[in-house]
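Work through the exercises below with the sequence and the structure side by side. Try each task before reading its solution.

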Amino acid sequence: TGQPITIIKDNEAMAREQAATLRGYEWAGISPGDKQARFWGQASNNFDVFKNNIKDFLLNRRRYSAFNYTEEKLKYYLKDLLKYQPTYLYGYASILFELALIILENKSSFKFPSLKAIISTSEILHQEMRTKIEAAFGVKVFNEYGCGEVGTIAHEDQNGIMFINAENLFIEIVDENDQPVLNGSGRIIVTELSNKAQPLVRYDIGDYGELCHSDQKFNKSLPILKNIHGRAYDIVIGPNKRKYHPEFFIYIFEKIKNEFQDCIKQFQIIQNNRALIFNIIKNSSYNNNKIESLVTEKLKQEFQDYFSYHFEYVEVIAREKSGKMRVVKRIDN
């Protein structure tokens with residue numbers, strides 16, 4: 001929604017979430033401890049980098065930054081994967097797709113006999129993306145659906161069916177008037193069942209989908225989530241056509257929110273050629289000069305003078321026709 005939020009989870013809730021995740025990975029033929037190549041975000045400070053390094057070591061995974069990359073960097077990743085030979089890949093759909101395109105152009109150069117599966121997450125996995133990723137790597141792609149506030153919500157099995165982690169979550173589908181949708185698409189509403197520290201009840205995650213119930217042929221007594229849509233982030237294009245995942249910018253604003261007492265109520269970032277426009281709904285603790293200077297300084301560390309920065313203070317941030325609020329988007333002129 002563009003509203004930064006911190007959720008506290010107790011140990012039982014975390015354990016249940018991890019158990020459901022491991023079950024989903026099992027459907028993909030992946031076991032705990034299998035080697036993972038993780039295309040994900042990179043921490044911005046030394047302490048968080050240290051923590052991630054420890055976690056990656058313990059979980060037998062190697063991390064590759066999905067925050068910004070060029071074609072040359074992706075080729076470097078692929079060459080490193082040849083040496084690493086992971087059991088599975090995990091990461092944002094967009095970067096997995098771009099890796100696949102490079103492999104398809106250089107088919108004979110990249111072979112991964114150790115690979116069992118690919119798990120795509122965080123973004124819509126379009127059919128074209130799935131087809132090309134599977135063609136490039138020679139293994140099946142399994143889609144994972146979730147959000148940062150509650151963790152994984154559903155996992156795709158070997159038949160391509162997205163089963164909800166119903167032991168941990170209750171899912172509703174509602175229309176714009178908050179009335180139940182029995183057939184067809186509507187807003188996905190999530191209630192977490194096991195987190196006693198800070199439970200989320202009827203949480204609107206901003207996505208759309210359809211709900212149906214399993215039957216005997218799938219051999220699972222779990223509800224099914226299908227036709228998920230509305231999750232649409234844009235990649236920001238920087239200097240030398242370097243691509244930046246939206247989470248790169250979202251992390252910056254979340255850090256500022258934590259440092260300055262929830263000064264930002266909501267934000268949106270729009271790229272218009274070489275301009276970055278920040279639509280901000282501010283709270284009373286917001287200091288225009290201080291926050292603008294801090295955001296600009298942090299971005300200039302990465303982009304130098306490539307972008308111009310424009311701060312717009314608004315009362316409301318418009319949603320897309322689908323109802324989705326795109327936190328980061330690019331306008332192609």
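The exercises that follow deal with sheets, helix packing, burial and backbone angles.

This is a predicted model, in which local features need pLDDT of at least 70, side-chain atom pairs count only at pLDDT 80 or more, and totals for chains, interfaces and linings use all residues. Residues are numbered from 1 along each chain as its sequence is written, and side-chain values use heavy atoms, with hydrogens and water left out.

**Exercise 1. State the strand order of the sheet that contains strands 15 to 18, and find its edges.**

Step 1. Helices (H or I, at least four residues) and strands (E, at least two) are DSSP runs, numbered from the N terminus. Two strands pair if DSSP finds at least two bridges between them.

Step 2. Reading across the open sheet, the four strands come in the order 17-16-15-18, and their pairing is mixed.

Step 3. Strand 17 (308-313) and strand 18 (328-331) are the edges, since each pairs on one side only.

Step 4. On average, neighbouring strands in this sheet are turned by 20° against each other, direction ignored.

Step 5. Strand 15 (residues 264-272) and strand 16 (residues 275-282) run antiparallel and are joined by eight bridges. Within this pair, asparagine 272 stands opposite alanine 275 of strand 16.

**Exercise 2. Which strands does helix 6 touch, and which does helix 7 touch?**

Step 1. Contact means heavy atoms within 4.5 Å. Axes are lines fitted to C-alpha atoms, for helices over the stretch in contact, and angles run from 0 to 180 degrees between N-to-C directions.

Step 2. Helix 6 (residues 246-259) packs on the sheet and touches strand 15, strand 16 and strand 18. The direction of helix 6 makes about 150° with that of strand 15.

Step 3. Helix 7 (residues 288-303) also packs on the sheet, where it touches strand 16 and strand 17. Its direction makes about 150° with that of strand 17.

**Exercise 3. Describe the packing of helix 4 against helix 5.**

Step 1. Two packed helices are described by the angle between their axes and the distance between the axes.

Step 2. The axes of helix 4 (residues 93-105) and helix 5 (residues 127-137) come within 8 Å and cross at roughly 50°.

Step 3. Helix 4 is therefore oblique to helix 5. The classes are: under 35 degrees roughly parallel, over 145 roughly antiparallel, 65 to 115 roughly perpendicular, and the rest oblique.

Step 4. The crossing of helix 4 and helix 5 is left-handed. A crossing has this hand if the near helix is turned anticlockwise from the far one by less than a right angle, and is right-handed if clockwise.

Step 5. The residues in contact include Leu96, Phe97 and Ala100 of helix 4, and Met129, Ile133 and Phe137 of helix 5.

**Exercise 4. Is leucine 81 buried or exposed, and what does it touch?**

Step 1. Buried means under 20% relative accessible area, exposed over 50%, and partly exposed in between (1.4 Å probe, protein chains only).

Step 2. Leucine 81 is in helix 3 (residues 71-84). Its relative accessible area is 0%, so leucine 81 is buried.

Step 3. Beyond its neighbours within four places in sequence, leucine 81 is in contact with Ala37, Phe39, Tyr64, Pro86, Leu89 and Phe112.

**Exercise 5. Do the same for phenylalanine 249: where is it placed, and is it buried or exposed?**

Step 1. Phenylalanine 249 lies in helix 6.

Step 2. Phenylalanine 249 has a relative accessible area of 1% and is therefore buried.

Step 3. Not counting residues up to four places away in sequence, phenylalanine 249 touches Val236, Tyr244, Ile269, Leu276, Leu299 and Phe303.

Step 4. Phenylalanine 249 and isoleucine 7 are 242 residues apart in sequence and 20 Å apart in space, C-alpha to C-alpha.

**Exercise 6. How many disulfides are found in the whole structure?**

Step 1. A disulfide is a pair of cysteine sulfur atoms within 2.5 Å.

Step 2. A search of the whole structure gives zero disulfides.

Step 3. For two cysteines the accessibility can be classed: cysteine 147 counts as buried because its relative accessibility is 16%, and cysteine 212 is partly exposed at 24%.

**Exercise 7. Describe the phi angles of arginine 202 and asparagine 227.**

Step 1. Most residues other than glycine have a negative phi.

Step 2. Arginine 202 has a positive phi, near 50°. Arginine 202 is in the loop between strand 10 (186-192) and strand 11 (203-212), and it is partly exposed at 36% relative accessible area.

Step 3. Asparagine 227 has a positive phi of about 50°. Asparagine 227 belongs to strand 12 (residues 224-229) and is partly exposed, with a relative accessible area of 46%.
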